[in-house]
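Visitor: I have a model open and would like to learn how to read its interfaces. Could you walk me through it?

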There are 2 protein chains.
Amino acid sequence: MSDDDVAAKLRLVLRPDQVLTDPAERDAYAHDDAEWAEFHRPVAVVLAETTDDVTVVVRTAADAGLSVVARGAGTGLSGGANALAESIVVSLERMTRVHEVNVSERYVVAEAGLINDDLRRAVAAHGLWYPPDPASYRISTIGGNAATNAGGICCVKYGVTRDYVLGMTVVLADGEIVHLGRRTAKGATGYDLTALMVGSEGTLGIITEVTLSLLPLGGREERAVVGSFASLEDAGVAVAAISAAGIIPSALELIDAMCLNAVDEWQGLGLPRGAAALLLSTVDDPGATGAEAAASVARHMTDAGALAVDQAVDPAEIDRLFLARRLAYPALERLGPVLTEDICVPRAAVPEMLGRIRDTAAAHDVVIATIAHAGDGNLHPLIIAPEGDAAAKARAKLAFDRIVEDCRELGGTVTGEHGVGLLKLPGARAELGERVLAMHRDIKAALDPRGTLNPGKAF
Amino acid sequence: MSDDDVAAKLRLVLRPDQVLTDPAERDAYAHDDAEWAEFHRPVAVVLAETTDDVTVVVRTAADAGLSVVARGAGTGLSGGANALAESIVVSLERMTRVHEVNVSERYVVAEAGLINDDLRRAVAAHGLWYPPDPASYRISTIGGNAATNAGGICCVKYGVTRDYVLGMTVVLADGEIVHLGRRTAKGATGYDLTALMVGSEGTLGIITEVTLSLLPLGGREERAVVGSFASLEDAGVAVAAISAAGIIPSALELIDAMCLNAVDEWQGLGLPRGAAALLLSTVDDPGATGAEAAASVARHMTDAGALAVDQAVDPAEIDRLFLARRLAYPALERLGPVLTEDICVPRAAVPEMLGRIRDTAAAHDVVIATIAHAGDGNLHPLIIAPEGDAAAKARAKLAFDRIVEDCRELGGTVTGEHGVGLLKLPGARAELGERVLAMHRDIKAALDPRGTLNPGKAF
């Protein structure tokens with residue numbers, strides 16, 4: 001079937017404005033935020049508005065021997081939504097309805113294309129809270145969050161997307177629609193196919209709706225503790241000490257000097273300068289418990305040799321500090337293409353890993369800025385190569401591989417929260433090993449025997 | 001291969017005392033605590049001491065065309081560990097080692113046969129806490145807890161077994177050993193095969209070791225609030241109101257009069273008598289927050305028409321009250337064979353469901369006692385038939401089916417925490433539907449093509 005025939009077939013069922021075939025439009029959907037990974041111009045792009053629309057795409061693609069790449073907002077950092085050769089991209093960005101907010105059961109049912117922050121607002125109106133907060137929460141979709149098992153800042157205390165997905169509507173490789181999971185607080189009926197789908201990056205099914213468990217909105221009191229350090233390792237020692245002391249902060253983020261300077265030069269936020277690293281921490285226990293926890297965090301920072309430690313309880317001040325963390329990635333992207341790591345090491349190994357990253361930058365003559373969900377041991381060394389400098393790009397890739405190897409040596413995992421996509425495939429394969437990879441292939445073949453759904457991604 | 005040949009082959013590799021062939025010994029391992037479900041005398045019972053021993057069993061069984069039923073302590077209530085015709089039972093009860101307790105990363109690595117309470121004690125010695133607390137926690141194994149995704153009393157706040165399993169060692173259907181999951185706080189590498197194994201009841205692999213995430217032991221202050229009610233429905237109204245108010249108790253249990261009386265007559269604990277139902281609640285937030293939450297729980301009980309509401313902060317008194325809850329099941333078993341329900345309905349539907357259970361008892365002329373993790377909507381109506389009364393047993397089965405239907409009508413699931421095993425198969429199949437069942441069959445065939453591992457269970 002020619003590309004024109006495919007588009008014509010899609011337009012038999014879908015409205016013309018839902019089927020994009022213009023080359024420029026198709027290129028706009030050719031990759032997510034992982035341009036370093038391979039991508040192709042898709043045969044067509046479909047803007048699905050219902051689960052049935054997704055079924056139409058899957059069936060049409062299967063008939064035409066094409067693959068289907070599902071996509072939310074395209075904010076992924078591993079290439080999971082990068083278009084494949086001979087693929088149709090189905091975007092769920094128009095599927096933004098909130099079907100139900102249930103207060104007594106504390107769940108929300110929403111379509112996959114809903115922006116995380118819009119979902120957050122919708123449930124807040126009912127006194128409920130959806131914790132997972134990837135840095136992209138203002139622009140990424142809840143379905144993309146589920147497909148990649150997105151993390152975020154508050155995960156150190158509240159867990160990742162996986163921990164909140166109770167159920168979902170999924171379009172399978174044969175185009176059939178199934179409802180997985182439950183809406184009750186507990187459930188043990190059959191295999192946990194919901195958990196299998198979370199993080200499977202659209203390779204086993206396309207998530208079109210999610211049911212998410214929620215927490216009460218109130219009852220938390222935020223206190224921020226910010227420490228600046230003369231070295232990344234000192235900051236790492238503070239992180240390990242806070243964790244070993246049994247304190248569970250609601251955020252424990254690290255920003256290095258390069259990130260801080262890049263944000264400040266871009267946005268002029270008046271951030272602390274002159275330190276090698278900043279640790280941004282919050283605790284949210286109410287009352288005396290929270291005050292004690294904040295004091296304890298501050299003490300551990302001081303003991304680790306902090307240059308200065310400040311506490312803040314003013315929400316505007318806390319927001320300003322965390323805005324720096326959230327803007328770090330786009331600020332660095334202004335300096336050149338960014339190759340993003342997402343390693344997760346044991347908390348106690350954070351100082352050692354930070355040292356090795358610094359050594360790798362020196363050894364490979366590349367610029368590496370580091371932001372981190374330090375409290376989880378989840379580090380994002382960001383390798384920056386000047387635009388158009390092929391040699392720098394090659395060195396960046398070597399540094400990338402070196403960091404992955406170091407992470408595995410320290411007992412870590414190659415992706416903490418971004419998913420494998422394409423960028424992390426070699427590291428993931430080494431980490432999983434041949435027999436576990438075979439389990440992945442067997443499950444993929446069982447649920448998608450023709451390899452229609454995002455083949456070659458995730459494992 | 002004859003049964004004797006199978007045993008001889010096992011004894012070539014294993015010590016003689018690990019291979020039980022005496023009929024009485026085999027009968028002792030023929031079923032878990034679900035005698036109402038079908039069971040058979042196994043060909044042999046193997047007491048595995050290492051993961052390699054389990055491999056020996058799986059390979060020997062596969063060669064001989066037998067199936068393998070894995071078993072922890074045999075405390076399951078759905079028949080998941082009931083022996084099949086032509087099966088070898090492999091018990092992991094001797095695999096009780098704690099390999100590692102990691103304080104800074106907050107995890108424990110332990111063998112599957114370790115008793116939940118022994119694991120709890122082992123990690124408490126390091127200032128850590130493993131929350132999931134099935135009523136059987138003093139006698140059930142952590143591997144069985146993982147294989148069935150066991151729940152418990154504190155799950156209303158702290159989640160179920162699934163929420164704590166980071167990784168595991170598993171023997172696959174071909175006898176190969178794999179390590180799934182991770183030890184880091186976060187991880188998104190590949191499919192979540194760990195979650196797929198949790199609750200799969202030994203049908204996809206045999207869990208021989210688990211890595212469990214832990215919480216700090218300290219920082220909680222228990223306050224109990226106990227309300228007695230003139231009717232089950234009144235108690236249900238209190239549960240729904242507490243939930244709708246956004247209070248998250250650390251326990252919210254219901255015991256009906258029949259359970260209370262059975263426990264008190266057995267153990268003489270001096271429990272409150274004369275009410276139709278007791279709600280046992282704890283909150284564990286420290287300080288003023290906890291005091292306010294306890295007061296709020298008490299107020300909702302009063303508003304729902306409680307006959308009396310008492311608060312307790314004395315740990316011994318709290319333990320005494322919850323001991324009644326934990327002893328309810330064995331106390332009722334003394335009255336006759338118990339057919340155990342494990343339905344989970346939306347919290348708001350708890351009063352309606354309790355009313356329907358009472359109606360079902362009347363309509364089918366059966367005795368039904370109810371205990372419940374009421375705060376999760378997870379109800380255990382226990383249907384009791386006098387020993388040897390075939391007509392009563394038949395009526396009990398009809399009542400069982402009626403309760404399952406009612407639960408599904410109210411948006412519930414047929415098993416909240418016991419698993420499907422054999423007893424819940426019809427209800428589970430109706431709940432999952434044909435297409436999702438086909439996904440289960442496809443995954444089972446992909447990972448266990450010869451059907452060696454506990455075939456016919458779980459879905």
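Guide: Happy to. Let's start with a term we'll need: a polar contact is a pair of N or O atoms within 3.5 Å, and within protein one must be able to donate a hydrogen and the other to accept it. Keep in mind that this is a predicted model.

Visitor: Let me try that inside one chain. Into which domains is chain A divided?

Guide: There are three stretches to look for: domain 1 (3-91), domain 2 (98-216) and domain 3 (219-331). Let's take domain 2 and domain 3 of chain A, whose centres, taken over C-alpha atoms, are separated by 29 Å.

Visitor: How many residue pairs are in polar contact between domain 2 of chain A and domain 3 of chain A?

Guide: Four, counting pairs with both residues at pLDDT 80 or more. On the domain 2 side, helix 6 (residues 155-158) of chain A gives the largest share of the residues touching domain 3, namely three. By type, that side of domain 2 has eight nonpolar residues, three charged and no polar ones.

Visitor: And how many salt bridges cross between domain 2 of chain A and domain 3 of chain A?

Guide: The rule finds three. If you want one to click on, try Asp133(A) and Arg326(A), whose side chains form a salt bridge at 3.5 Å, N to O.

Visitor: How do I put a size on an interface like that?

Guide: People often quote the accessible area that is lost when the parts come together. Here, domain 2 and domain 3 of chain A bury about 970 Å² between them, with carbon and sulfur atoms giving 55% of it. Within domain 2, the residues that lose the most area to domain 3 are Ile153(A), Val156(A) and Lys157(A), together 57% of what that side buries. In terms of contacts, 11 residues of domain 2 meet 13 residues of domain 3 in chain A.

Visitor: Now for the two chains. How do I describe the way one copy sits relative to the other?

Guide: In general, two copies of a chain are related by a rotation about an axis and a shift along it. For this pair, chain B lands on chain A after a rotation of 180° with 0.0 Å of shift along the axis, at an RMSD of 0.0 Å. That is the relation of a two-fold axis.

Visitor: Why can I say that the copies meet through the same surface?

Guide: Because 100% of the interface residues of chain B are also interface residues in chain A. The contact counts are 74 residues of chain B and 74 residues of chain A.

Visitor: What area is buried between chain B and chain A?

Guide: About 5800 Å², and carbon and sulfur atoms give 61% of that. In chain B, Lys186(B), Thr189(B) and Tyr191(B) lose the most area to chain A, together 16% of what that side buries.

Visitor: What about charges and polar contacts across the interface of chain B and chain A?

Guide: The rule finds 10 salt bridges there. One to look up pairs Glu417(B) with Lys186(A), at 2.8 Å, N to O. There are also 24 residue pairs in polar contact, again with both at pLDDT 80 or more. Several elements of chain B each supply at least two residues to this side, including strand 9 (177-181) and helix 8 (232-244). Helix 15 of chain B gives the largest share, nine residues. The side of chain B that touches chain A divides into 35 nonpolar, 25 polar and 14 charged residues.

Definitions and conventions: Residues numbered from 1 in each chain as written. Chains lettered and ligands numbered in written order. Predicted model: local features only at pLDDT ≥ 70, side-chain atom pairs only at ≥ 80, totals over all residues. Heavy atoms only, no water. Least-squares fit on C-alpha atoms with pLDDT ≥ 70 in both. Contact = heavy atoms within 4.5 Å. Domains from an automatic or database assignment. Buried area = accessible area lost by both parts, 1.4 Å probe. Salt bridge = Lys/Arg side-chain N within 4 Å of Asp/Glu carboxyl O. Polar contact = N/O pair within 3.5 Å; in protein donor to acceptor, adjacent residues only side chain to side chain. Helix = DSSP H or I, 4+ residues; strand = E, 2+ residues; numbered from the N terminus. Nonpolar A, V, L, I, M, F, W, Y, C, P; charged D, E, K, R; others polar.
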